[in-house]
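Please look at the structure shown here and follow how its strands are arranged into sheets.

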Amino acid sequence: MTRIRDREDLDALRRVGQALTYPPQTRISVGMATCGISSGARKVYDTLAAELERENLQARLCKTGCLGLCAREPLVDVTFAGGPRVIYERVGVEEAREMVQALAAGRPPGARALCRLGKDAILLLDTERTFSDGTSGMSEIPLFEDLPFFRKQVRVSLRNSGFMDPDSLPEYVGRGGFLALHLALRDLAPTEIIEELKASGLRGRGGAGFPTGSKWELCAREGSKEKYVICNADEGDPGAFMDRNILEGDPYSVIEGMTIGARAMGAHKGYIYCRAEYPHALRRLRHAIAEAESHGLLGEDILGSGFSFSLEVRAGAGAFVCGEETALMASIEGSVGEPMPRPPYPAQAGLWGKPTNINNVKTWSQVAPILVRGSAWYSSMGTEKSPGTTVFSLVGKVRNTGLVEVPLGITLREMIFDIGQGVPEGGTFKAVQTGGPSGGCIPAERLDTPITYEDLGALGSIMGSGGLIVMDDSTCMVDLARYFLAFTEGESCGKCTPCREGTRRMHQILASICDGRGTTEDLETLAELADYVKDSALCGLGATAPNPVQTTLRHFAEEYTAHVVHGQCPSLACPSLSPAPCQHRCPAGIDVPSYVALIAAGRYQESLDLIRADNPLPAICGYVCTHPCEAACKRG
């Protein structure tokens, strides 16, 4: 393999990559991230390969990452030679066969067309590749950028995901890859790289939001000759898949960002800590590292600059706490993944006691664009205190589930109702949780809140790693808090008493309330415990574990009251409190517990008299009762 030693070599490889991305014949790309594969994309790919061979069609078939619109997988992207570029949704085996048959007949496939691309904006080259509208009605297919899901997105971390073969280093270079690394090694001093990051305002996208440039500066100031950089890809939040999809769709962006960071801080060794539950991401990472090494973009004397940097992948065993930086470092060292008190901070004494910098996947993926396009370009997006873009996973009771990258400052309403297209038919929006199991629940009346570190914090929630879980009126907020406390209790390392005992006791109280055994004193105890754990836990897991409890108590107090005082679950989600519709929500509005108690005692005439006292026509209940408990029944 030819080593790349200078800009001329890099430009030559870029031309090779662009020829692969835009070949003279038709190119067919199948979304083969985990979401696509789980939807059947592997069978689609195999069918396309077999049919192309059978028809003896000259077309380039390749795999790509996730485009973001996971709800429409499997996605197939067809770039017709000299013609339009169309993305097809929910393609199955039969549709794949029909697609090849249409191509063999010299006509573009018509069925399952989701959108067409008028242009392919290549961020790092600041160029666009345009496509014709095509013929035979293809111009009537909506444009990619006009779809509600993509209209408000700005793809920086996701600039290549879904648009390149993630196993092809030439394709990454063809889209401007490693230009930033060449700039960092040849034209910029380490201090200049850090100043550019500081000027951009980039904040860590892993949760805490600490300014990235300042974090790098702290590590760079340490005089040790041995330093480390780490990528935290231990993504453990339920419903979160941002890091996984970036690694599956564009692993080279993280590798390039880490190499630039290593140059700026004076490190020569790096680790990518990725959980073992991501085998697809791990395979692509290891392949990308091997390819970068063989091309002279990792290892010794990178790009002929004299700078050396090596990367190693470490697979975590799936402990949620190893997303905490000190526990993560302990795991890399081969010890039990338990948090350690700080100071000293990792920048002073981290991995093996040496200065260490840790950033999240999304943070590393944004480094190269900032160097190439400039800090002013990056800080022009977002808000003054929360500049730039970030990636969210939009999941739950929302029509368009998937991966979304938007400028910070966009409102929750825009995210859920413009990009996500609202809740599915039959439901009403109730709340959204931001920040994963340690995040907070935000009610409908706060939908116009901008998504920034400060605004979410003011509501008792956090940005976290970027998970957004949408809930409708079928979600019980007390039960939701119970679920997340069960998660954090199980994932607590147990090292510190506040987290170990506090999360357990809060979970017990919430379970009791959901079972109908809660008291008003329990609500007071719950609030006190949440404050105590938040203030005294050793690490971020324990300190943020009470957030679901505190925000649901704050914004949905009436649901706790319904459970404890009235013995009802308004959302019909708690089986112990939802035995039947007439017991739960009488359409006449009578004193439900009173007549239910009479029925339970077999005193049917008395119960009927009680009903008639408020409702002289009890038979009307047969017309107005919609049997909501049957639709929501969790008992089979």
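The report below describes two sheets, strand by strand, and then a helix beside one of them.

The coordinates come from a predicted model, and the description should be read with that in mind. In general, the strands of a sheet pair through backbone hydrogen bonds, either parallel or antiparallel.

One open sheet is formed by four strands, which follow the order β10-β9-β8-β11 and pair in parallel. Because β10 (310-316) and β11 (356-360) stand at the edges and have a single partner strand each, one side of each is left without a neighbour in the sheet. From one strand to the next, the twist averages 20°. Within this sheet, β8 (residues 228-233) runs parallel to β11 and is joined to it by five bridges, and asparagine 232 has asparagine 360, in β11, as its bridge partner.

Another open sheet has five strands in the order β13-β12-β16-β14-β15, and its pairing is mixed. Here β13 (402-407) and β15 (440-443) are the strands at the edges, each with a single partner strand, so one side of each has no neighbour in the sheet. The twist in this sheet averages 30° from one strand to the next. Strand β12 (residues 389-396) and strand β16 (residues 467-472) run parallel and are joined by four bridges, with valine 470 in β16 serving as the bridge partner of glycine 396. Helix α10 (residues 242-249) packs on this sheet, where it touches β12, β13 and β16, and its direction makes about 115° with that of β12.

The parallel pairs described above are set side by side here.

| Strand pair | Bridges |
|---|---|
| β8 and β11 | five bridges |
| β12 and β16 | four bridges |

Note on methods. Residues are numbered from 1 along each chain as its sequence is written. This is a predicted model: local features need pLDDT of at least 70, side-chain atom pairs count only at pLDDT 80 or more; totals for chains, interfaces and linings use all residues. Side-chain values use heavy atoms; hydrogens and water are left out. Two strands pair if DSSP finds at least two bridges between them. Helices (H or I, at least four residues) and strands (E, at least two) are DSSP runs, numbered from the N terminus. Axes are lines fitted to C-alpha atoms, for helices over the stretch in contact, and angles run from 0 to 180 degrees between N-to-C directions. Contact means heavy atoms within 4.5 Å.
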